[in-house]
Amino acid sequence: MRIDVVSLFPEFVAQVASHGVVGRAQERGLLSIHGWNPRDHAEGNYRRVDDRPFGGGPGMVMMIDPLRSALQAARGADPAPAKVVYLSPQGVPLTQARVRELAGRERLVLLCGRYEGVDERLLAAEVDEEISIGDYVLSGGELAAAVVIDAVARLQDGALNDAESAVQDSFEGDGLLDCPHYTRPVEHALGAVPEVLLSGNHAEIARWRRRQSLSRTRQRRPDLLDRAALTEAERRWLDG
Ligand code: ADE
């Protein structure tokens with residue numbers, strides 16, 4: 001998969017993406033990340049990329065042409081068609097389902113805004129999807145782009161060392177939060193490992209984990225339960 005990032009700070013995104021699973025995915029040739037700076041496509045001595053908003057008000061707005069030219073360069077760098085995603089708090093919420101959809105594509109172009117925003121005409125003409133990573137405001141789209149890259153990278157075939165671990169994660173499959181995990185030592189001043197996990201009884205362990213997932217989801221994210229894939233018995237257990 002190829003991801004192009006259009007940003008005033010493309011090195012920042014590349015740096016974030018050079019560690020851990022994402023860095024390894026790049027080393028394994030599963031993912032390549034390329035940065036494009038609209039300033040390199042701006043004209044004049046000052047290479048201006050922003051201007052004051054029409055109608056007045058605070059802040060600056062990113063101009064059409066430097067962004068458009070950077071986007072065109074990004075698109076043209078590879079013949080495969082790219083989906084262009086703009087990161088913004090006005091976008092549709094990023095969910096694991098959306099991450100899966102993005103991860104299945106051959107190419108993505110992530111457009112990061114700075115300042116108060118981007119000229120709406122550029123967004124209307126060039127952007128396929130606007131995505132938000134949550135109901136809070138960042139000072140630019142770069143961290144959001146890094147979030148998308150991380151979430152998408154770990155779903156590439158061969159990115160994770162234990163292929164199973166992506167399937168068991170929170171939000172995958174059944175739509176529940178993950179169960180708690182423990183490792184050695186069994187006894188510790190902070191507490192003991194739940195006995196069932198030491199029992200070797202795989203059916204009991206699976207049942208315990210499922211119940212932990214259910215009760216945790218009810219406690220922390222009850223909104224997820226409506227859409228979760230539960231059996232009638234599990235719904236009764238939650239109600240009881
Ligand atoms: N840019 C600024 N805030 C953002 C957010 N919450 N999600 C995505 N991009 C953003």
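In the predicted model, strands E1 (residues 2-6) and E6 (residues 107-112) pair in the parallel sense. Five bridges link the two strands. One of the bridge partners is Leu-108 of E6, which is matched with Ile-3. Both strands belong to an open sheet of five strands, ordered E2-E1-E6-E5-E8. Pairing in this sheet is parallel. Strand E2 (32-36) and strand E8 (129-132) form the edges, and each pairs on one side only. From one strand to the next, the twist averages 30 degrees. Helix H3 (residues 64-76) lies across E1, E2, E5 and E6. The helix runs at about 165 degrees to E1.

A second open sheet is built from three strands in the order E3-E4-E7. Here the pairing is mixed. The edge positions are taken by strand E3 (50-51) and strand E7 (117-118), each of which pairs on one side only. Strand E4 (residues 61-62) pairs with E7 in the parallel sense, over two bridges. Met-62 has Val-118 of E7 as its bridge partner.

Helix packing was examined for H4 (residues 96-103) and H6 (residues 142-153). The two helices pack at an angle of about 75 degrees. Their axes lie 9 Å apart. H4 is therefore roughly perpendicular to H6, as angles of 65 to 115 degrees count as such. On the H4 side, the contact is made by Val-99, Leu-102 and Ala-103. H6 contributes Val-148, Ala-151 and Val-152. The contact residues divide into six nonpolar, no polar and no charged.

The ligand is surrounded by residues from several stretches of the sequence. Leu-87, Ser-88 and Pro-89 are among them. Strand E5 (residues 83-93) gives the most to this shell, with three residues. Ser-132, Ile-133 and Gly-134 also lie around the ligand. The shell further includes Tyr-136, Val-137 and Leu-138. Gly-141 and Ala-144 complete the list. By residue class, the shell divides into seven nonpolar, four polar and no charged.

At the level of the whole chain, the protein is divided into two parts, domain 1 (2-153) and domain 2 (170-239). The centres of domain 1 and domain 2, taken over C-alpha atoms, are separated by 37 Å.

Conventions:
Residues numbered from 1 in each chain as written. Predicted model: local features only at pLDDT ≥ 70, side-chain atom pairs only at ≥ 80, totals over all residues. Near = placed C-beta within 6 Å. Helix = DSSP H or I, 4+ residues; strand = E, 2+ residues; numbered from the N terminus. Nonpolar A, V, L, I, M, F, W, Y, C, P; charged D, E, K, R; others polar. Pairing = 2+ DSSP bridges. Domains from an automatic or database assignment. Axes fitted to C-alpha atoms, helices over the stretch in contact; angles between N-to-C directions. Parallel < 35°, antiparallel > 145°, perpendicular 65-115°, else oblique. Contact = placed C-beta atoms within 7 Å.
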